[in-house]
Amino acid sequence: MEKNRRKLMAIDREQLLHVAHLARLELSDDELERLGAQLNDIIDAVSKVSELDLSDVPPTSHPLDVVNVWEADEPRPCLTVEEALANAPEREGDYFKVPPGGS
Amino acid sequence: MIDTLRLSAYDALELVRSRQVSGAELFAAYREAIDRHDPELHCYLHVCEDEGGDGLPIAVKDVIGTKGIPTTAGSRILEHYVPVYDATVIARCKQHGLRVLGKTNTDEFAMGSSTENSAYGPTRNPWDPTRVPGGSGGGSAAAVAAGLAPWALGSDTGGSIKQPAALCGNVGLRPTYGTVSRYGVVAFASSLDQVGPVARTVRDCAYLYSILAGRDPCDTTTVDLPHGVELPERTDLNGVRIGVPTEFTEHEAIEPGVRALVERTVDLCRELGAEVGECSLPRSLDYGVPCYYLIAPAEASSNLARYDGVRYGYRSPNADDRYEMYTRTRDEGFGDEPKRRIMVGTYALSAGYYDAYYGQAQKVRTVLIREHAEAFERFDVLLTPTSPTVAFELGAKAANPLAMYLNDLLTIPSCMAGLPGLNVPCGLSEGLPVGVQLIGPQFSENTLFAVGYALEQAIGFDPVPPRMAAAV
(Lines give C-alpha, C1' and ligand atoms only; values in the text may rest on other atoms or scores of the structure.)
Protein backbone atom coordinates (compact mmCIF):
# COMPACT_ATOMS: atom_id res chain seq x y z
CA MET A 1 0.00 0.00 0.00
CA GLU A 2 1.25 3.48 -0.83
CA LYS A 3 2.40 5.33 2.20
CA ASN A 4 1.69 8.97 1.52
CA ARG A 5 -1.72 8.94 -0.04
CA ARG A 6 -3.85 11.97 0.63
CA LYS A 7 -5.94 11.48 3.74
CA LEU A 8 -9.52 11.71 2.60
CA MET A 9 -11.30 11.55 5.90
CA ALA A 10 -9.33 11.99 9.08
CA ILE A 11 -11.18 10.57 12.06
CA ASP A 12 -11.29 13.17 14.83
CA ARG A 13 -11.58 12.56 18.54
CA GLU A 14 -15.33 13.11 18.60
CA GLN A 15 -15.88 10.51 15.87
CA LEU A 16 -13.53 8.14 17.65
CA LEU A 17 -15.57 8.42 20.83
CA HIS A 18 -18.76 7.84 18.85
CA VAL A 19 -17.35 4.67 17.26
CA ALA A 20 -16.06 3.48 20.64
CA HIS A 21 -19.56 4.00 22.05
CA LEU A 22 -21.12 2.00 19.19
CA ALA A 23 -18.59 -0.79 19.85
CA ARG A 24 -19.11 -0.58 23.64
CA LEU A 25 -15.42 0.00 24.28
CA GLU A 26 -14.28 2.28 27.07
CA LEU A 27 -10.95 3.60 25.84
CA SER A 28 -8.52 5.46 28.06
CA ASP A 29 -7.10 8.81 26.87
CA ASP A 30 -3.87 6.99 26.17
CA GLU A 31 -5.61 4.41 24.01
CA LEU A 32 -7.64 7.06 22.22
CA GLU A 33 -4.49 8.84 21.18
CA ARG A 34 -2.60 5.71 20.08
CA LEU A 35 -5.55 3.95 18.42
CA GLY A 36 -6.71 7.19 16.83
CA ALA A 37 -3.45 7.65 14.95
CA GLN A 38 -3.28 3.99 13.92
CA LEU A 39 -6.91 4.00 12.86
CA ASN A 40 -6.36 6.94 10.57
CA ASP A 41 -3.40 5.16 8.96
CA ILE A 42 -5.39 1.94 8.52
CA ILE A 43 -8.51 3.66 7.12
CA ASP A 44 -6.29 5.65 4.78
CA ALA A 45 -4.62 2.45 3.53
CA VAL A 46 -7.84 0.47 3.05
CA SER A 47 -9.50 3.43 1.27
CA LYS A 48 -7.53 2.22 -1.73
CA VAL A 49 -10.56 0.08 -2.62
CA SER A 50 -12.37 3.28 -3.63
CA GLU A 51 -9.98 3.76 -6.59
CA LEU A 52 -11.85 1.12 -8.59
CA ASP A 53 -15.06 1.94 -10.44
CA LEU A 54 -17.20 -1.07 -9.57
CA SER A 55 -20.69 0.28 -10.19
CA ASP A 56 -21.48 -2.70 -12.47
CA VAL A 57 -19.94 -5.37 -10.24
CA PRO A 58 -22.16 -7.36 -7.86
CA PRO A 59 -20.94 -7.77 -4.27
CA THR A 60 -19.79 -11.15 -2.91
CA SER A 61 -20.98 -12.05 0.57
CA HIS A 62 -20.14 -15.74 0.34
CA PRO A 63 -17.70 -17.52 -1.98
CA LEU A 64 -19.88 -20.61 -2.57
CA ASP A 65 -23.12 -20.75 -4.56
CA VAL A 66 -25.09 -21.96 -1.56
CA VAL A 67 -28.59 -20.54 -1.93
CA ASN A 68 -30.52 -21.66 1.10
CA VAL A 69 -30.57 -24.54 3.51
CA TRP A 70 -33.73 -25.95 4.99
CA GLU A 71 -33.81 -28.29 7.95
CA ALA A 72 -36.81 -30.23 9.24
CA ASP A 73 -38.40 -28.39 12.16
CA GLU A 74 -37.89 -31.16 14.68
CA PRO A 75 -36.82 -30.85 18.30
CA ARG A 76 -33.29 -32.06 18.95
CA PRO A 77 -31.29 -32.42 22.16
CA CYS A 78 -29.70 -29.12 23.19
CA LEU A 79 -27.73 -27.70 26.10
CA THR A 80 -29.28 -28.12 29.54
CA VAL A 81 -29.87 -25.02 31.67
CA GLU A 82 -26.92 -25.99 33.84
CA GLU A 83 -24.64 -26.30 30.79
CA ALA A 84 -25.84 -22.99 29.41
CA LEU A 85 -25.10 -21.30 32.73
CA ALA A 86 -21.84 -23.16 33.40
CA ASN A 87 -19.65 -20.23 32.27
CA ALA A 88 -21.86 -17.42 33.58
CA PRO A 89 -19.89 -14.70 35.41
CA GLU A 90 -22.89 -14.35 37.73
CA ARG A 91 -26.20 -16.18 37.97
CA GLU A 92 -29.35 -16.14 40.02
CA GLY A 93 -31.45 -19.28 39.85
CA ASP A 94 -31.79 -20.17 36.19
CA TYR A 95 -30.87 -16.68 34.97
CA PHE A 96 -27.77 -14.75 33.96
CA LYS A 97 -27.43 -11.90 36.44
CA VAL A 98 -26.27 -8.45 35.31
CA PRO A 99 -25.96 -5.08 37.03
CA PRO A 100 -28.99 -2.80 36.67
CA GLY A 101 -29.35 0.37 34.63
CA GLY A 102 -27.19 2.09 32.01
CA SER A 103 -28.07 2.30 28.34
CA MET B 1 12.38 -44.88 22.08
CA ILE B 2 9.89 -42.84 20.05
CA ASP B 3 11.58 -40.05 18.10
CA THR B 4 8.75 -37.49 17.96
CA LEU B 5 10.99 -35.06 16.08
CA ARG B 6 11.13 -37.32 13.03
CA LEU B 7 7.87 -39.24 13.24
CA SER B 8 5.19 -38.50 10.66
CA ALA B 9 1.58 -39.12 11.67
CA TYR B 10 1.45 -41.88 9.06
CA ASP B 11 4.47 -43.61 10.64
CA ALA B 12 3.05 -43.13 14.12
CA LEU B 13 -0.20 -44.78 13.00
CA GLU B 14 1.77 -47.72 11.62
CA LEU B 15 3.66 -48.11 14.92
CA VAL B 16 0.37 -48.27 16.81
CA ARG B 17 -1.42 -50.49 14.29
CA SER B 18 1.41 -53.02 14.27
CA ARG B 19 1.42 -52.89 18.09
CA GLN B 20 5.06 -51.88 18.29
CA VAL B 21 3.94 -48.93 20.40
CA SER B 22 0.82 -48.47 22.51
CA GLY B 23 -1.38 -45.40 22.35
CA ALA B 24 -0.38 -44.59 25.93
CA GLU B 25 3.34 -44.75 25.09
CA LEU B 26 2.83 -42.53 22.08
CA PHE B 27 0.87 -39.92 24.03
CA ALA B 28 3.48 -40.02 26.82
CA ALA B 29 6.30 -39.48 24.32
CA TYR B 30 4.70 -36.27 23.05
CA ARG B 31 3.96 -35.14 26.59
CA GLU B 32 7.61 -35.68 27.44
CA ALA B 33 8.74 -33.67 24.40
CA ILE B 34 6.35 -30.88 25.45
CA ASP B 35 7.63 -30.89 29.03
CA ARG B 36 11.15 -30.63 27.73
CA HIS B 37 10.85 -28.00 25.01
CA ASP B 38 7.68 -26.04 25.56
CA PRO B 39 9.03 -23.90 28.40
CA GLU B 40 11.28 -22.35 25.72
CA LEU B 41 8.97 -22.42 22.69
CA HIS B 42 5.56 -21.80 24.33
CA CYS B 43 3.53 -23.60 21.67
CA TYR B 44 0.86 -24.67 24.14
CA LEU B 45 -1.61 -22.74 26.28
CA HIS B 46 -2.97 -25.92 27.82
CA VAL B 47 -1.74 -29.51 27.84
CA CYS B 48 -4.16 -32.42 28.31
CA GLU B 49 -3.91 -35.65 30.25
CA ASP B 50 -4.14 -38.96 28.41
CA GLU B 51 -7.70 -40.21 28.61
CA GLY B 52 -6.85 -43.58 27.09
CA GLY B 53 -7.25 -45.10 23.64
CA ASP B 54 -4.92 -46.03 20.82
CA GLY B 55 -5.55 -43.15 18.44
CA LEU B 56 -2.98 -40.52 17.55
CA PRO B 57 -2.61 -37.38 19.63
CA ILE B 58 -3.43 -34.08 17.94
CA ALA B 59 -2.69 -30.48 18.90
CA VAL B 60 -5.59 -28.04 18.52
CA LYS B 61 -5.41 -24.30 17.95
CA ASP B 62 -7.01 -22.57 20.89
CA VAL B 63 -9.76 -20.92 18.83
CA ILE B 64 -11.39 -24.35 18.41
CA GLY B 65 -13.86 -25.26 21.16
CA THR B 66 -13.08 -28.42 23.15
CA LYS B 67 -15.57 -29.77 25.68
CA GLY B 68 -14.18 -29.66 29.20
CA ILE B 69 -10.85 -28.20 28.02
CA PRO B 70 -10.17 -24.44 28.37
CA THR B 71 -10.49 -22.51 25.11
CA THR B 72 -9.16 -18.97 25.32
CA ALA B 73 -8.60 -17.87 21.69
CA GLY B 74 -5.41 -16.28 23.06
CA SER B 75 -7.52 -13.65 24.83
CA ARG B 76 -7.91 -12.55 28.44
CA ILE B 77 -11.62 -12.15 27.80
CA LEU B 78 -11.93 -15.96 27.53
CA GLU B 79 -9.33 -16.79 30.18
CA HIS B 80 -11.49 -19.15 32.23
CA TYR B 81 -13.88 -20.25 29.50
CA VAL B 82 -14.46 -24.01 29.33
CA PRO B 83 -16.75 -25.05 26.45
CA VAL B 84 -19.66 -27.35 27.27
CA TYR B 85 -19.62 -28.86 23.77
CA ASP B 86 -17.08 -29.94 21.16
CA ALA B 87 -16.61 -28.15 17.86
CA THR B 88 -17.68 -30.41 14.98
CA VAL B 89 -14.03 -30.79 13.85
CA ILE B 90 -13.15 -32.09 17.33
CA ALA B 91 -16.09 -34.50 17.29
CA ARG B 92 -14.89 -35.76 13.89
CA CYS B 93 -11.33 -36.21 15.18
CA LYS B 94 -12.64 -38.15 18.18
CA GLN B 95 -14.77 -40.38 15.91
CA HIS B 96 -11.49 -41.33 14.23
CA GLY B 97 -9.91 -42.06 17.59
CA LEU B 98 -7.73 -38.95 17.71
CA ARG B 99 -7.01 -37.55 21.18
CA VAL B 100 -6.50 -33.92 22.07
CA LEU B 101 -2.91 -33.43 23.21
CA GLY B 102 -3.30 -29.76 24.05
CA LYS B 103 -4.42 -26.31 22.92
CA THR B 104 -1.96 -24.25 20.94
CA ASN B 105 -1.07 -20.59 21.11
CA THR B 106 -2.57 -18.08 18.71
CA ASP B 107 -2.71 -14.37 18.13
CA GLU B 108 -5.70 -13.05 20.09
CA PHE B 109 -8.86 -14.13 18.22
CA ALA B 110 -6.54 -15.28 15.40
CA MET B 111 -5.76 -11.65 14.58
CA GLY B 112 -2.11 -11.43 13.62
CA SER B 113 0.76 -12.89 11.65
CA SER B 114 3.34 -13.60 14.37
CA THR B 115 1.52 -15.03 17.44
CA GLU B 116 2.89 -11.99 19.33
CA ASN B 117 -0.68 -10.74 19.81
CA SER B 118 -1.47 -13.61 22.18
CA ALA B 119 -2.46 -12.32 25.61
CA TYR B 120 -0.40 -15.18 27.04
CA GLY B 121 2.91 -14.30 25.43
CA PRO B 122 4.44 -15.21 22.06
CA THR B 123 5.44 -18.59 20.66
CA ARG B 124 9.02 -18.93 19.45
CA ASN B 125 10.17 -20.46 16.17
CA PRO B 126 11.85 -23.88 16.68
CA TRP B 127 14.34 -23.04 13.89
CA ASP B 128 15.51 -19.94 15.78
CA PRO B 129 13.82 -18.97 19.04
CA THR B 130 14.67 -15.28 18.59
CA ARG B 131 12.19 -15.33 15.68
CA VAL B 132 8.42 -15.58 15.38
CA PRO B 133 6.70 -18.75 14.13
CA GLY B 134 4.27 -16.71 12.03
CA GLY B 135 0.63 -16.42 12.88
CA SER B 136 -1.98 -16.55 13.86
CA GLY B 137 -1.53 -20.31 14.19
CA GLY B 138 2.10 -20.09 15.33
CA GLY B 139 1.51 -22.51 18.20
CA SER B 140 0.25 -25.33 15.98
CA ALA B 141 2.95 -24.83 13.34
CA ALA B 142 5.79 -24.59 15.86
CA ALA B 143 4.51 -27.62 17.80
CA VAL B 144 4.50 -29.77 14.64
CA ALA B 145 7.94 -28.50 13.57
CA ALA B 146 9.45 -29.14 17.00
CA GLY B 147 8.03 -32.67 17.34
CA LEU B 148 5.65 -31.59 20.09
CA ALA B 149 2.68 -32.96 18.10
CA PRO B 150 2.41 -35.35 15.15
CA TRP B 151 -0.07 -32.98 13.51
CA ALA B 152 -2.43 -30.18 14.46
CA LEU B 153 -5.55 -28.25 13.65
CA GLY B 154 -5.26 -24.63 12.61
CA SER B 155 -7.67 -21.99 11.38
CA ASP B 156 -7.14 -19.64 8.49
CA THR B 157 -8.87 -16.34 7.75
CA GLY B 158 -6.22 -14.57 5.65
CA GLY B 159 -3.22 -16.87 5.94
CA SER B 160 -3.13 -18.16 9.53
CA ILE B 161 -2.46 -21.77 8.50
CA LYS B 162 -0.36 -21.22 5.36
CA GLN B 163 1.97 -18.46 6.59
CA PRO B 164 3.06 -20.12 9.89
CA ALA B 165 3.49 -23.41 7.99
CA ALA B 166 5.87 -21.57 5.64
CA LEU B 167 7.82 -19.97 8.49
CA CYS B 168 8.09 -23.23 10.47
CA GLY B 169 8.74 -25.61 7.55
CA ASN B 170 5.59 -27.72 7.61
CA VAL B 171 2.65 -28.52 5.38
CA GLY B 172 -0.56 -26.59 5.97
CA LEU B 173 -3.83 -26.56 4.06
CA ARG B 174 -6.37 -23.80 4.00
CA PRO B 175 -9.34 -25.76 2.61
CA THR B 176 -11.95 -24.52 0.14
CA TYR B 177 -14.36 -22.30 2.06
CA GLY B 178 -17.36 -24.36 3.13
CA THR B 179 -15.72 -27.79 3.18
CA VAL B 180 -14.89 -27.81 6.90
CA SER B 181 -17.36 -26.95 9.65
CA ARG B 182 -16.95 -23.79 11.70
CA TYR B 183 -19.45 -24.96 14.36
CA GLY B 184 -17.90 -24.51 17.79
CA VAL B 185 -14.98 -22.44 16.47
CA VAL B 186 -14.47 -18.97 17.91
CA ALA B 187 -15.69 -16.71 15.10
CA PHE B 188 -13.41 -14.00 13.68
CA ALA B 189 -14.55 -13.22 10.11
CA SER B 190 -17.27 -15.69 9.22
CA SER B 191 -17.16 -15.35 5.43
CA LEU B 192 -13.43 -16.20 5.50
CA ASP B 193 -12.71 -18.45 8.52
CA GLN B 194 -11.76 -22.04 7.69
CA VAL B 195 -10.32 -24.79 9.89
CA GLY B 196 -7.62 -26.91 8.32
CA PRO B 197 -4.78 -29.39 8.91
CA VAL B 198 -1.15 -28.67 9.80
CA ALA B 199 1.23 -31.61 9.30
CA ARG B 200 4.79 -32.72 8.63
CA THR B 201 4.06 -34.30 5.25
CA VAL B 202 1.59 -33.76 2.40
CA ARG B 203 0.17 -37.25 2.93
CA ASP B 204 -0.50 -36.59 6.63
CA CYS B 205 -2.11 -33.31 5.67
CA ALA B 206 -4.38 -35.01 3.12
CA TYR B 207 -5.35 -37.74 5.56
CA LEU B 208 -6.27 -35.24 8.28
CA TYR B 209 -8.27 -33.21 5.77
CA SER B 210 -10.25 -36.38 4.90
CA ILE B 211 -11.23 -36.59 8.57
CA LEU B 212 -12.25 -32.93 8.85
CA ALA B 213 -14.10 -32.26 5.60
CA GLY B 214 -17.78 -32.67 4.87
CA ARG B 215 -21.16 -31.10 5.41
CA ASP B 216 -22.25 -30.36 8.95
CA PRO B 217 -25.94 -29.70 9.68
CA CYS B 218 -24.78 -27.36 12.48
CA ASP B 219 -22.97 -25.08 9.97
CA THR B 220 -25.22 -24.22 7.06
CA THR B 221 -22.32 -22.75 5.07
CA THR B 222 -20.81 -26.22 4.66
CA VAL B 223 -21.16 -28.52 1.67
CA ASP B 224 -20.25 -32.14 0.95
CA LEU B 225 -17.07 -32.71 -1.03
CA PRO B 226 -17.91 -33.47 -4.66
CA HIS B 227 -15.39 -36.34 -4.54
CA GLY B 228 -13.45 -38.16 -1.84
CA VAL B 229 -9.99 -37.19 -0.62
CA GLU B 230 -7.26 -39.13 -2.42
CA LEU B 231 -3.93 -39.74 -0.71
CA PRO B 232 -1.27 -38.65 -3.20
CA GLU B 233 1.04 -41.24 -4.77
CA ARG B 234 2.37 -39.89 -8.05
CA THR B 235 5.86 -38.43 -8.05
CA ASP B 236 5.69 -36.77 -11.47
CA LEU B 237 3.75 -33.74 -12.66
CA ASN B 238 3.08 -34.91 -16.23
CA GLY B 239 0.15 -33.08 -17.75
CA VAL B 240 -0.28 -30.63 -14.85
CA ARG B 241 -0.55 -26.99 -15.91
CA ILE B 242 1.08 -24.69 -13.37
CA GLY B 243 0.67 -20.92 -13.55
CA VAL B 244 3.07 -18.47 -11.96
CA PRO B 245 1.41 -15.08 -11.30
CA THR B 246 4.24 -12.67 -12.04
CA GLU B 247 3.10 -9.99 -9.57
CA PHE B 248 3.31 -12.57 -6.78
CA THR B 249 6.87 -13.60 -7.57
CA GLU B 250 8.29 -10.21 -8.51
CA HIS B 251 6.82 -8.01 -5.76
CA GLU B 252 9.40 -5.78 -4.09
CA ALA B 253 8.47 -7.08 -0.62
CA ILE B 254 9.77 -10.55 -1.50
CA GLU B 255 13.24 -11.24 -0.11
CA PRO B 256 15.89 -12.38 -2.63
CA GLY B 257 16.45 -15.65 -0.74
CA VAL B 258 12.74 -16.47 -0.92
CA ARG B 259 12.56 -15.50 -4.60
CA ALA B 260 15.53 -17.72 -5.51
CA LEU B 261 14.02 -20.80 -3.82
CA VAL B 262 10.62 -20.24 -5.43
CA GLU B 263 12.28 -19.89 -8.86
CA ARG B 264 14.14 -23.12 -8.25
CA THR B 265 10.84 -24.81 -7.34
CA VAL B 266 9.26 -23.53 -10.57
CA ASP B 267 12.18 -25.08 -12.51
CA LEU B 268 11.65 -28.31 -10.62
CA CYS B 269 7.98 -28.35 -11.70
CA ARG B 270 9.17 -28.26 -15.32
CA GLU B 271 11.67 -31.05 -14.68
CA LEU B 272 8.88 -33.15 -13.18
CA GLY B 273 6.87 -32.80 -16.38
CA ALA B 274 4.52 -29.90 -15.63
CA GLU B 275 3.58 -27.31 -18.24
CA VAL B 276 4.59 -24.05 -16.61
CA GLY B 277 3.43 -20.63 -17.78
CA GLU B 278 3.13 -17.08 -16.52
CA CYS B 279 -0.11 -15.39 -15.64
CA SER B 280 -1.22 -12.14 -14.10
CA LEU B 281 -3.38 -11.31 -11.07
CA PRO B 282 -2.70 -7.57 -10.82
CA ARG B 283 -5.75 -6.47 -8.89
CA SER B 284 -5.52 -9.39 -6.45
CA LEU B 285 -2.19 -8.12 -5.26
CA ASP B 286 -3.01 -4.40 -5.28
CA TYR B 287 -6.45 -4.62 -3.70
CA GLY B 288 -6.38 -7.93 -1.77
CA VAL B 289 -4.94 -6.55 1.46
CA PRO B 290 -7.08 -3.36 1.59
CA CYS B 291 -10.17 -5.44 0.79
CA TYR B 292 -9.31 -7.95 3.51
CA TYR B 293 -8.68 -5.27 6.12
CA LEU B 294 -12.18 -3.92 5.57
CA ILE B 295 -14.11 -7.18 5.39
CA ALA B 296 -12.32 -9.03 8.19
CA PRO B 297 -12.55 -6.19 10.77
CA ALA B 298 -16.16 -5.47 9.81
CA GLU B 299 -17.16 -9.07 10.41
CA ALA B 300 -14.96 -9.23 13.52
CA SER B 301 -16.62 -6.16 15.03
CA SER B 302 -19.95 -7.95 14.69
CA ASN B 303 -18.70 -11.36 15.89
CA LEU B 304 -16.88 -9.92 18.90
CA ALA B 305 -20.01 -8.09 20.08
CA ARG B 306 -20.91 -11.28 21.96
CA TYR B 307 -18.13 -10.72 24.51
CA ASP B 308 -20.20 -8.55 26.79
CA GLY B 309 -19.58 -10.08 30.21
CA VAL B 310 -23.08 -11.55 30.43
CA ARG B 311 -23.08 -15.22 29.46
CA TYR B 312 -19.45 -16.38 29.57
CA GLY B 313 -15.92 -15.08 29.68
CA TYR B 314 -14.48 -12.19 31.65
CA ARG B 315 -16.64 -9.59 33.40
CA SER B 316 -15.11 -6.41 34.79
CA PRO B 317 -15.60 -6.10 38.54
CA ASN B 318 -15.27 -2.31 38.19
CA ALA B 319 -18.74 -1.42 36.93
CA ASP B 320 -21.71 0.17 38.63
CA ASP B 321 -24.25 -0.24 35.86
CA ARG B 322 -24.80 -2.39 32.82
CA TYR B 323 -23.38 0.03 30.24
CA GLU B 324 -20.17 0.32 32.26
CA MET B 325 -20.07 -3.45 32.59
CA TYR B 326 -20.08 -3.80 28.80
CA THR B 327 -17.53 -1.09 28.07
CA ARG B 328 -15.09 -1.91 30.90
CA THR B 329 -15.33 -5.67 30.37
CA ARG B 330 -14.39 -5.13 26.73
CA ASP B 331 -11.70 -2.56 27.47
CA GLU B 332 -10.05 -4.74 30.10
CA GLY B 333 -10.62 -8.07 28.29
CA PHE B 334 -9.49 -7.27 24.74
CA GLY B 335 -5.90 -6.56 23.72
CA ASP B 336 -4.80 -3.88 21.26
CA GLU B 337 -5.29 -5.78 17.98
CA PRO B 338 -8.91 -6.84 18.57
CA LYS B 339 -9.65 -3.28 19.72
CA ARG B 340 -8.11 -1.84 16.55
CA ARG B 341 -10.11 -4.19 14.37
CA ILE B 342 -13.34 -3.67 16.28
CA MET B 343 -12.89 0.10 15.84
CA VAL B 344 -12.02 -0.16 12.12
CA GLY B 345 -14.90 -2.57 11.53
CA THR B 346 -17.44 -0.56 13.49
CA TYR B 347 -16.40 2.58 11.63
CA ALA B 348 -16.57 0.84 8.22
CA LEU B 349 -20.07 -0.45 8.99
CA SER B 350 -21.41 2.74 10.56
CA ALA B 351 -24.10 4.89 8.99
CA GLY B 352 -22.86 6.83 5.97
CA TYR B 353 -19.72 4.74 5.43
CA TYR B 354 -21.14 1.28 4.66
CA ASP B 355 -21.31 1.64 0.86
CA ALA B 356 -17.89 3.28 0.55
CA TYR B 357 -16.10 0.67 2.66
CA TYR B 358 -17.75 -2.70 3.34
CA GLY B 359 -20.00 -2.57 0.26
CA GLN B 360 -17.12 -1.57 -2.00
CA ALA B 361 -14.85 -4.24 -0.47
CA GLN B 362 -17.46 -6.92 -1.23
CA LYS B 363 -17.41 -5.81 -4.87
CA VAL B 364 -13.62 -5.96 -4.91
CA ARG B 365 -14.03 -9.51 -3.68
CA THR B 366 -16.01 -10.32 -6.82
CA VAL B 367 -13.18 -8.83 -8.90
CA LEU B 368 -10.64 -11.07 -7.16
CA ILE B 369 -12.83 -14.16 -7.70
CA ARG B 370 -13.14 -13.36 -11.43
CA GLU B 371 -9.42 -12.71 -11.79
CA HIS B 372 -8.59 -16.10 -10.28
CA ALA B 373 -11.28 -17.86 -12.34
CA GLU B 374 -9.71 -16.45 -15.48
CA ALA B 375 -6.29 -17.81 -14.49
CA PHE B 376 -7.82 -21.25 -13.89
CA GLU B 377 -9.07 -21.37 -17.47
CA ARG B 378 -5.44 -21.89 -18.45
CA PHE B 379 -3.93 -23.50 -15.36
CA ASP B 380 -4.73 -26.28 -12.87
CA VAL B 381 -2.66 -24.80 -10.07
CA LEU B 382 -1.02 -21.45 -9.31
CA LEU B 383 2.35 -21.35 -7.56
CA THR B 384 3.60 -18.37 -5.50
CA PRO B 385 5.75 -17.76 -2.46
CA THR B 386 3.63 -18.19 0.69
CA SER B 387 5.33 -15.46 2.71
CA PRO B 388 7.39 -12.60 1.27
CA THR B 389 10.03 -13.16 3.97
CA VAL B 390 11.46 -15.85 6.21
CA ALA B 391 10.59 -15.75 9.92
CA PHE B 392 11.36 -12.30 11.33
CA GLU B 393 12.63 -11.41 14.79
CA LEU B 394 10.27 -11.04 17.71
CA GLY B 395 9.28 -7.42 18.13
CA ALA B 396 10.41 -6.40 14.63
CA LYS B 397 6.93 -5.42 13.45
CA ALA B 398 4.99 -5.31 16.70
CA ALA B 399 4.74 -1.50 16.83
CA ASN B 400 3.51 -1.07 13.25
CA PRO B 401 0.15 -2.72 12.48
CA LEU B 402 0.30 -1.87 8.77
CA ALA B 403 3.75 -3.47 8.33
CA MET B 404 2.42 -6.58 10.10
CA TYR B 405 -0.61 -6.71 7.79
CA LEU B 406 1.68 -6.99 4.73
CA ASN B 407 2.95 -10.41 5.88
CA ASP B 408 -0.26 -11.79 4.41
CA LEU B 409 0.08 -9.97 1.08
CA LEU B 410 0.42 -13.21 -0.89
CA THR B 411 -1.96 -15.44 1.10
CA ILE B 412 -4.93 -13.07 1.36
CA PRO B 413 -6.14 -12.86 -2.28
CA SER B 414 -7.01 -16.55 -2.67
CA CYS B 415 -8.63 -16.55 0.78
CA MET B 416 -10.88 -13.70 -0.34
CA ALA B 417 -11.84 -15.81 -3.37
CA GLY B 418 -12.72 -18.83 -1.19
CA LEU B 419 -9.99 -20.94 -2.80
CA PRO B 420 -7.91 -23.69 -1.22
CA GLY B 421 -4.20 -23.15 -0.66
CA LEU B 422 -1.44 -25.52 0.41
CA ASN B 423 1.94 -24.53 1.81
CA VAL B 424 4.78 -26.89 0.94
CA PRO B 425 8.31 -26.27 2.26
CA CYS B 426 10.79 -25.71 -0.58
CA GLY B 427 14.10 -25.12 1.19
CA LEU B 428 16.06 -22.96 3.61
CA SER B 429 17.18 -19.37 3.24
CA GLU B 430 19.62 -18.15 5.90
CA GLY B 431 18.87 -21.41 7.73
CA LEU B 432 15.14 -20.63 7.90
CA PRO B 433 12.29 -22.39 6.07
CA VAL B 434 10.71 -21.02 2.90
CA GLY B 435 7.42 -22.33 1.52
CA VAL B 436 5.55 -22.23 -1.76
CA GLN B 437 1.82 -21.68 -1.86
CA LEU B 438 -0.18 -23.86 -4.25
CA ILE B 439 -3.58 -22.42 -5.09
CA GLY B 440 -6.31 -24.23 -7.00
CA PRO B 441 -9.97 -23.77 -7.94
CA GLN B 442 -12.66 -24.58 -5.38
CA PHE B 443 -12.62 -28.27 -4.33
CA SER B 444 -9.24 -28.91 -6.01
CA GLU B 445 -7.58 -30.18 -2.82
CA ASN B 446 -6.70 -33.52 -4.43
CA THR B 447 -4.76 -31.69 -7.16
CA LEU B 448 -2.97 -29.56 -4.58
CA PHE B 449 -2.01 -32.67 -2.61
CA ALA B 450 -0.79 -34.40 -5.80
CA VAL B 451 1.39 -31.45 -6.84
CA GLY B 452 2.54 -30.85 -3.27
CA TYR B 453 3.48 -34.50 -2.85
CA ALA B 454 5.47 -34.66 -6.08
CA LEU B 455 7.35 -31.50 -5.11
CA GLU B 456 7.91 -32.76 -1.57
CA GLN B 457 9.46 -36.00 -2.86
CA ALA B 458 11.66 -34.16 -5.35
CA ILE B 459 12.79 -31.43 -2.94
CA GLY B 460 13.51 -33.77 -0.05
CA PHE B 461 13.15 -30.97 2.51
CA ASP B 462 14.28 -32.03 5.99
CA PRO B 463 11.61 -30.70 8.39
CA VAL B 464 13.77 -31.17 11.48
CA PRO B 465 15.23 -27.91 12.84
CA PRO B 466 18.95 -28.60 13.44
CA ARG B 467 18.93 -27.03 16.90
CA MET B 468 16.05 -29.30 17.94
CA ALA B 469 17.95 -32.35 16.65
CA ALA B 470 21.01 -31.23 18.63
CA ALA B 471 18.92 -30.88 21.79
CA VAL B 472 17.76 -34.52 21.75
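In the predicted model, B:T221 is found in the loop of chain B that runs between α6 (202-212) and β7 (241-245). With 19 other C-beta atoms within 10 Å, B:T221 is partly exposed, because a residue counts as buried if 20 or more such atoms lie within that distance and as exposed if there are 12 or fewer. When residues up to four places away in sequence are not counted, B:T221 touches A:H62 and A:V66 of chain A as well as B:G178 of chain B. B:R182 lies 39 residues from B:T221 in sequence, while the C-alpha atoms of B:T221 and B:R182 are 8.6 Å apart in space.

Contacts between the two chains also involve pairs of helices. Helix α1 of chain A (residues 13-22) and helix α11 of chain B (residues 336-349) have axes that come within 9 Å and cross at roughly 100 degrees; α1(A) and α11(B) are therefore roughly perpendicular to each other. In this contact, A:V19, A:A20 and A:L22 of α1(A) meet B:M343, B:T346 and B:Y347 of α11(B), and the residues comprise 5 nonpolar, 1 polar and no charged.

In a further pairing, helix α2 of chain A (residues 29-46) packs with helix α9 of chain B (residues 282-303) at an angle of about 125 degrees, the axes being 8 Å apart. The helices α2(A) and α9(B) are therefore oblique to each other, and A:I42, A:A45 and A:V46 on α2(A) meet B:P290, B:Y293 and B:L294 on α9(B). By class, the residues of the contact of α2(A) with α9(B) are 6 nonpolar, no polar and no charged.

How values were computed
Residues numbered from 1 in each chain as written. Chains lettered and ligands numbered in written order. Predicted model: local features only at pLDDT ≥ 70, side-chain atom pairs only at ≥ 80, totals over all residues. Axes fitted to C-alpha atoms, helices over the stretch in contact; angles between N-to-C directions. Helix = DSSP H or I, 4+ residues; strand = E, 2+ residues; numbered from the N terminus. Parallel < 35°, antiparallel > 145°, perpendicular 65-115°, else oblique. Contact = placed C-beta atoms within 7 Å. Nonpolar A, V, L, I, M, F, W, Y, C, P; charged D, E, K, R; others polar.
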